[in-house]
Amino acid sequence: MNEKCQNPKTEVPNTKELNDCDYLNEILACEKNMSVNLTYALNEASNQKLFEEIFTIFKDVKMAGRDAYNMAFKNGWYSLEKEKEEKITEKVNELSSKLSQL
């Protein structure tokens, strides 16, 4: 079923210079790396106030990453593949079973 879910692609110049798509991909990569590093910081936070400060920054970084993703998707620079309903149901059942075992 490999159908793609994608918006019409916004064309960008194909030159040696960075274009909007290139910049957005760099922003997404940076946001992902920052959130990973902030996760480590959260795990190592030595007191509640420090944890809360880092967590606030973490949430802001995650939202900025989500905004960048949404912009990339809106411009057609990111696509998703549709999955069969049966496979989704199978995965939900599998995860529900694991959750009930906890």
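What is the volume of the largest pocket? In this predicted model, the largest pocket has a volume of about 250 Å³. The report returns to its lining after a description of the chain and its helices.

**The chain**

The chain contains 3 helices and 2 strands. Followed along the sequence, these elements come in the order β-α-α-β-α. A compact globule of 102 residues would be expected to have a radius of gyration near 13 Å, whereas the value for this chain is 19 Å. Along the principal axes, the C-alpha atoms take up a box of roughly 50 × 40 × 15 Å.

**The helix pair**

Helix H1 covers residues 20-44, and helix H2 covers residues 48-74. The two pack with their axes 9 Å apart, at an angle of about 155°. Angles over 145 degrees count as roughly antiparallel, and H1 and H2 are therefore roughly antiparallel to each other. Their crossing is left-handed. The residues of the contact of H1 with H2 comprise 18 nonpolar, 3 polar and 2 charged.

**The largest pocket**

Which residues line the largest pocket? Its lining is made up of Leu-28, Glu-31, Lys-32, Ser-35, Val-61, Lys-62, Gly-65, Arg-66, Tyr-69 and Tyr-78. Two elements, H1 and H2, each give two or more residues to this lining. The largest share comes from H2, with 5 residues. Sorted by class, the lining of the pocket holds 4 nonpolar, 2 polar and 4 charged residues.

The table sets out the residue classes for the helix contact and for the pocket lining.

| Region | Nonpolar | Polar | Charged |
|---|---|---|---|
| Contact of H1 with H2 | 18 residues | 3 residues | 2 residues |
| Lining of the largest pocket | 4 residues | 2 residues | 4 residues |

In short, H1 and H2 appear in both parts of this description: they pack at an angle of about 155°, and both give two or more residues to the lining of the largest pocket.

Notes
Residues numbered from 1 in each chain as written. Predicted model: local features only at pLDDT ≥ 70, side-chain atom pairs only at ≥ 80, totals over all residues. Heavy atoms only, no water. Axes fitted to C-alpha atoms, helices over the stretch in contact; angles between N-to-C directions. Helix = DSSP H or I, 4+ residues; strand = E, 2+ residues; numbered from the N terminus. Parallel < 35°, antiparallel > 145°, perpendicular 65-115°, else oblique. Left-handed = near helix turned anticlockwise from the far one by under 90°. Nonpolar A, V, L, I, M, F, W, Y, C, P; charged D, E, K, R; others polar. 1 Å grid on protein atoms, 1.4 Å probe; cavity = no way out; pocket = protein on both sides within 12 Å on 5 of 7 lines; lining within 4 Å. Points joined across faces, edges and corners; volume = space filled by probe spheres on them. Rg over C-alpha atoms; globule rule 2.2 N^0.38 Å.
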